[in-house]
Amino acid sequence: GGGALSYWLRHTARSGYFISNAALGTLSSQLHERLRSKEPSESKVTNALPSASVLPRLLAEVALSYEQDYERISQGKYKL
């Protein structure tokens, strides 16, 4: 119903916010270290981010936990 759509939209936006902050924080930290370092860099920025195989699993787990939480909200176990 409409409650489920509202729940998913809010939590998807919230997850996007946290993922963006994590990625930008990691990138800015790596850039800072690269600029401070006197040694030549070896593409440390890309090594700091999760691999392409990990990201879909993380997103699937997030989606499953949202589904489980909404089911419990529908049952009255959690408040929305």
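Me: Buried means under 20% relative accessible area, exposed over 50%, and partly exposed in between (1.4 Å probe, protein chains only). At 29% relative accessibility, as what does Trp8 count?

Reply: The model is predicted, so local features need pLDDT of at least 70 and side-chain atom pairs count only at pLDDT 80 or more, while totals for chains, interfaces and linings use all residues. Residues are numbered from 1 along each chain as its sequence is written, and side-chain values use heavy atoms, with hydrogens and water left out. Trp8 lies in helix α1. Its relative accessibility is 29%, which is neither under 20% nor over 50%, so Trp8 counts as partly exposed.

Me: In what order do the elements of the chain run from the N terminus on?

Reply: Helices (H or I, at least four residues) and strands (E, at least two) are DSSP runs, numbered from the N terminus. The chain holds three helices and zero strands. From the N terminus on, the order is therefore α-α-α.

Me: What percentage of the 80 residues of the chain count as buried?

Reply: Accessible areas come from the Shrake-Rupley method with a 1.4 Å probe, and for residues only the protein chains shown count as cover. The accessible surface of the chain comes to about 6500 Å², of which carbon and sulfur atoms hold 59%. Of the 80 residues, the share that counts as buried is 10%.

Me: Which element gives the most to the largest nonpolar core?

Reply: A nonpolar core is a set of buried Ala, Val, Leu, Ile, Met, Phe, Trp, Tyr and Cys residues joined through side-chain atoms within 4.5 Å. The largest such core has five residues, namely Ala4, Tyr7, Tyr66, Tyr70 and Ile73. Two or more residues of this core come from each of α1 (2–36) and α3 (54–74). With three residues, the element that gives the most is α3.

Me: With which residues is Tyr70 in contact, leaving aside its neighbours within four places in sequence?

Reply: Contact means heavy atoms within 4.5 Å. Tyr70 is buried, and so is Tyr7. Once the neighbours within four places in sequence are left aside, the contacts of Tyr70 are Gly3, Ala4 and Tyr7.

Me: How many residues apart in sequence are the parts that the pair of Tyr7 and Tyr70 ties together?

Reply: Rings of Phe, Tyr and Trp (its six-membered ring) pair if their centres lie within 6.5 Å; planes under 30 degrees apart count as stacked, over 60 as edge-to-face and the rest as tilted. A search of the whole structure finds five aromatic pairs. In one of them, Tyr7 and Tyr70 are tilted, at 5.3 Å centre to centre and 45° between the planes. Because Tyr7 lies in helix α1 and Tyr70 in helix α3, the parts tied together are apart in sequence by 63 residues.

Me: Why is the pair of Trp8 and Tyr66 edge-to-face?

Reply: Tyr66 counts as buried, at 11% relative accessibility. Helix α1 holds Trp8 and helix α3 holds Tyr66, so this pair ties together parts that are 58 residues apart in sequence. The ring centres of Trp8 and Tyr66 are 5.9 Å apart, and the pair is edge-to-face because the planes are at 80°.

Me: What is the distance in space between Trp8 and Glu67, C-alpha to C-alpha?

Reply: Glu67 lies in helix α3 and is partly exposed, with a relative accessible area of 47%. Beyond neighbours within four places in sequence, Trp8 is in contact with Ala63, Tyr66 and Glu67. Trp8 and Glu67 are 59 residues apart in sequence, and their C-alpha to C-alpha distance is 8.6 Å.

Me: With which residues is Ser15 in contact, leaving aside its neighbours within four places in sequence?

Reply: Ser15 has its place in helix α1. At 15% relative accessibility, Ser15 counts as buried. Leaving aside neighbours within four places in sequence, the contacts of Ser15 are Val62 and Tyr66.

Me: From which element does the largest share of the nonpolar patch come?

Reply: Patches are made of residues with over 30% relative accessible area and no salt bridge (a side-chain nitrogen of Lys or Arg within 4 Å of a carboxyl oxygen of Asp or Glu); like charges are joined within 9 Å, and nonpolar side chains (Val, Leu, Ile, Met, Phe, Trp, Tyr) within 5 Å. Ile19, Leu55, Leu58 and Leu59 make a nonpolar surface patch of about 340 Å². Among them, Leu59 counts as partly exposed at 42% relative accessibility. The largest share of the patch is three residues, and these come from α3.
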